[in-house]
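Trainee: I would like to know how the labels used for a protein model are justified. Please take me through a few of them.

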Amino acid sequence: MSETSARLLRLLSLLQTHRVWSGPELATELDVTARTVRRDVERLRGLGYPVHALQGSAGYRLGAGASMPPLLLDDEEAVAVVVGLRTTSGGTVTGIEDASLRALAKLEQVLPSRLRHRLTTLQQSIMRVSAEAPRVAPEILVTIAEACRRHERLRFDYTDHAGATSRRDVEPDSLVNVSRHWYLVGWDVDRTDWRSFRIDRLAPRVPTGPRFTPRPLPDGDAATYLSRRLSVASWPWRTVITLHGSATEVADRVWPGMGVLEAVDDVSCLLHLGADSPASLAWMITALDVGFTVTDPPELVTALRTVSERCRDAIIDAPDAVLHQVPPSR
């Protein structure tokens with residue numbers, strides 16, 4: 001590679017990793033004169049890279065152009081993009097599989113052998129368990145995301161879990177992906193309350209509605225609000241239990257969608273839970289492997305007593321069990 005070509009690639013790499021570079025900074029990094037930097041910037045512009053000169057600061061910035069110019073990726077960035085494309089090609093957003101595979105083929109064709117070997121090793125070590133999940137069109141996600149960003153009302157037809165359809169007028173706040181499902185969190189204008197909507201169940205109407213002033217979200221952010229709704233509010237049986245441990249200590253025992261933790265002090269916290277039956281609530285609570293206190297509902301207290309009696313009966317007159325700890329694999 002010629003010295004000039006190598007320097008241009010180095011200059012492009014610098015512009016892609018820093019918002020604004022001054023001329024002297026680039027000259028120092030490239031070990032050239034300021035005049036050479038100006039010539040190299042003009043060469044990049046001639047190749048289609050939109051390098052903007054900033055007035056008043058004698059600086060340069062790589063901007064957005066009319067077309068997508070080639071990008072320079074370091075090793076870690078290239079690996080991340082390939083893994084992302086391979087995941088996307090089998091993901092929950094429909095209509096982009098072919099584009100993902102085309103981009104993946106172009107990238108893998110020019111990968112150096114060292115990266116190709118790393119990716120092959122990674123791919124052989126990963127096992128994917130397929131799960132049925134609704135697919136959503138990327139244009140719907142883009143439409144909703146734009147309405148969230150612009151603070152414009154969304155009008156759409158919605159089909160709920162029971163199959164009933166309705167027309168909704170919503171002030172959209174956020175898109176959230178949970179357990180292979182996409183959700184819209186927003187303020188339902190007609191119901192004057194916050195709601196969450198499965199993206200695969202809605203059909204946007206165009207154009208979008210008037211602009212609105214964003215409202216403060218309940219629970220602080222969309223992810224926490226949605227987690228609470230999915231794990232608690234939508235279930236027929238709900239409870240709040242006191243765990244004998246701080247929220248920090250027990251946080252890794254509460255799996256996504258299980259419940260919502262609420263910190264109390266250094267020795268206790270509250271867990272908001274929901275399930276389809278008291279027995280399911282009892283199973284979830286005892287699976288946490290931490291002390292707890294339950295006061296209601298009475299059906300949950302009964303279910304826990306049943307579990308306790310079942311465990312007691314299982315060990316009456318049973319011979320002493322010998323536990324064998326398997327040494328960790330090396």
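Mentor: What follows is a set of questions about this predicted model, each answered with a value and a cut-off.

Trainee: What makes strand 11 count as largely enclosed?

Mentor: A residue is called buried when its relative accessible area is under 20%. In strand 11, residues 269-275, 6 of the 7 residues are buried, so the strand is largely enclosed by the rest of the structure.

Trainee: How many of the residues in the whole protein are buried?

Mentor: Of the 330 residues, 32% are buried.

Trainee: How do you know that strand 9 and strand 11 pair?

Mentor: Pairing requires at least two bridges between two strands. Strand 9, residues 237-243, shares 7 bridges with strand 11, so by the definition they pair, and the sense is antiparallel. Val240, for instance, stands opposite His272 of strand 11.

Trainee: Why is strand 10 also called a partner of strand 11?

Mentor: The test of at least two bridges applies again. Strand 10, residues 259-263, has 5 bridges to strand 11, so the two strands pair, in the antiparallel sense. In one of these bridges, Glu262 has Leu270 in strand 11 as its partner.

Trainee: What joins strand 10 to strand 11?

Mentor: The connection is a hairpin, and it runs through 5 residues.

Trainee: How many helices and strands does the protein have?

Mentor: There are 11 helices and 12 strands.

Trainee: What share of the accessible surface belongs to carbon and sulfur atoms?

Mentor: These atoms hold 54% of a surface of about 20800 Å².

Definitions and conventions. Residues numbered from 1 in each chain as written. Predicted model: local features only at pLDDT ≥ 70, side-chain atom pairs only at ≥ 80, totals over all residues. Heavy atoms only, no water. Helix = DSSP H or I, 4+ residues; strand = E, 2+ residues; numbered from the N terminus. Buried < 20%, exposed > 50% of the residue type's maximum accessible area, 1.4 Å probe, protein only. Areas by Shrake-Rupley, 256 points an atom, 1.4 Å probe, with all protein chains shown as cover.
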